[in-house]
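Work through these short exercises with the model open. Try each task before reading its solution.

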Amino acid sequence: MTEQTTTPDAARSEDTVTPSPTDPLWVERNGTRTYTGFSARGARVEIGPASAGAVFTPGELLKVALAACAGMSSDRAFSRRLGDDYKTTIRVEDPKNMAEDRYPVLTETFEIDLSALDDEDRAKLLTIAQRSIDKACTVGRTLKAGAQIPDAQFNQPEG
């Protein structure tokens, strides 16, 4: 019998990744530092520097993705208790560390009216909502796990 030793890094690289069905995503260049992002389902988003006007910066898209993921993940818990027509705004407004060109903290802040609930029901609902986010928010789970980002690949266009 052979004893196996696995380091955390070795375990991470050996983890089995099962692909989930996803539609292709891509961006196409429009001009200097401006792009349009596409999904195969027909969605599109304009991307560029803040100076380009009505576009999202890539950092803003990261924050919007995190906020939307948290909202979608907790939606069922909130709608069961507050009703399908509940309103919420989720903000991720933490500042960028300009020297390091990254966001060191990304805080999801829900603006949601829970005044109809007593303290016990409010605490229970918020616990359930947070558990739902921790379990089902792919964006948050990916960021917390520190996803590996291999070097970019550069291929010649087909055709």
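**Exercise 1. Check the length of α3 against its residue count.**

Solution. This is a predicted model. Start with the count: α3 has 18 residues. The expected span is 1.5 Å times one less than that number. At 1.5 Å a residue, α3 should therefore span 26 Å. Now compare: its end C-alpha atoms lie 26 Å apart, which agrees.

**Exercise 2. Decide how the buried residues of α3 are arranged around its axis.**

Solution. First list them: L125, A129 and I133 are buried in α3. Next look down the helix axis. The buried residues fall within an arc of 75°, so they line one face of α3. Then turn to the face pointing away from the buried side. There, D119, E120, K124, R131 and K135 are exposed. Last, find the packing partners. The buried residues of α3 pack against α2 and β5 (109–112).

**Exercise 3. Find the polar contact at the start of α3.**

Solution. Go to D118. One of its side-chain oxygens comes within 3.1 Å of the backbone nitrogen of E120.

**Exercise 4. Place α3 in the largest nonpolar core.**

Solution. Collect the 8 core residues: A77, F78, Y86, I112, L114, L117, L125 and A129. α2 (58–82) and α3 (119–136) each supply at least two of them. Now take I112. Leaving out residues up to four places away in sequence, I112 touches F78, L82, Y86, K87 and T88. Finally, look for a second, separate core. That one has 7 residues, including L66, C69, A70 and C137.

Conventions:
Residues are numbered from 1 along each chain as its sequence is written. This is a predicted model: local features need pLDDT of at least 70, side-chain atom pairs count only at pLDDT 80 or more; totals for chains, interfaces and linings use all residues. Side-chain values use heavy atoms; hydrogens and water are left out. A nonpolar core is a set of buried Ala, Val, Leu, Ile, Met, Phe, Trp, Tyr and Cys residues joined through side-chain atoms within 4.5 Å. Buried means under 20% relative accessible area, exposed over 50%, partly exposed in between (1.4 Å probe, protein chains only). Helices (H or I, at least four residues) and strands (E, at least two) are DSSP runs, numbered from the N terminus. Contact means heavy atoms within 4.5 Å. The arc is that of the directions from the helix axis to the C-beta atoms. A polar contact is a pair of N or O atoms within 3.5 Å; within protein, one must be able to donate a hydrogen and the other to accept it, and residues adjacent in sequence count only if both atoms are side-chain atoms.
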